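Biologist: Could you take me through the salt bridges in this model? I would like a close look at who pairs with whom, and how buried or exposed the partners are.

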Amino acid sequence: TPFTTRAMELTQLYNGLNLPELTIDERLDVLLHVKWTVKEFDCALTREIVELIDREADMLNRGRAPRMLEGLRKRISSLFLTFIETPEFNPEAARFQIVPMEFEAYLFNKLGTANARAQMTT
């Protein structure tokens, strides 16, 4: 199905982001593909991923050592994993969620209200 194909492409991009021994050109190519993929959507998460990708590409073009970019790469990888796991961006991810996102929002709203009441009484 198209959703399965999309999920496979996202997984390949994620694996590409985490490959350790890429040349600068190969790394820039992977970053560019990830950037195009996330730019299909406009939200805070995708804007942050694009900003971090631009930052890494700039540092690579300036000749920074890959060792100096480890933290930035972990952030990009982590945010892209969040992107992959979100059903709005990857409909196939909804099949693998243990607790539906709507239930988590419901619990958060209930707990948030209960915590606010408890703090007001103390």
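Modeller: Happy to; here is a walk through three of the charged pairs and the network that one of them belongs to. Please keep in mind that this is a predicted model. The count comes to 8 salt bridges.

Let's begin with Arg 6 and Glu 40, whose closest N and O atoms are 3.4 Å apart. This pair links distant parts of the chain, 34 residues apart: Arg 6 sits in helix α1 (residues 2-17), while Glu 40 belongs to the loop between α2 (24-38) and α3 (44-61). The two ends differ in their surroundings. Arg 6 counts as buried because its relative accessibility is 17%, under the 20% limit. Glu 40 counts as exposed because its relative accessibility is 51%, over the 50% limit.

Next come Glu 56 and Arg 27, which meet in a salt bridge at 2.8 Å, N to O. Glu 56 is in helix α3 and Arg 27 in helix α2, so their contact ties together parts 29 residues apart in sequence. Both Glu 56 and Arg 27 are buried.

Helices α3 and α2 also supply Asp 54 and Lys 35, respectively, so this pair ties together parts 19 residues apart in sequence. Their salt bridge has its closest N and O atoms 2.6 Å apart. Asp 54 is partly exposed, with a relative accessible area of 35%, whereas Lys 35 counts as buried at 18% relative accessibility.

Finally, back to Arg 27 and Glu 56: salt bridges that share partners join them with Arg 73 into one network.

Technical notes: Residues numbered from 1 in each chain as written. Predicted model: local features only at pLDDT ≥ 70, side-chain atom pairs only at ≥ 80, totals over all residues. Heavy atoms only, no water. Salt bridge = Lys/Arg side-chain N within 4 Å of Asp/Glu carboxyl O. Helix = DSSP H or I, 4+ residues; strand = E, 2+ residues; numbered from the N terminus. Buried < 20%, exposed > 50% of the residue type's maximum accessible area, 1.4 Å probe, protein only.
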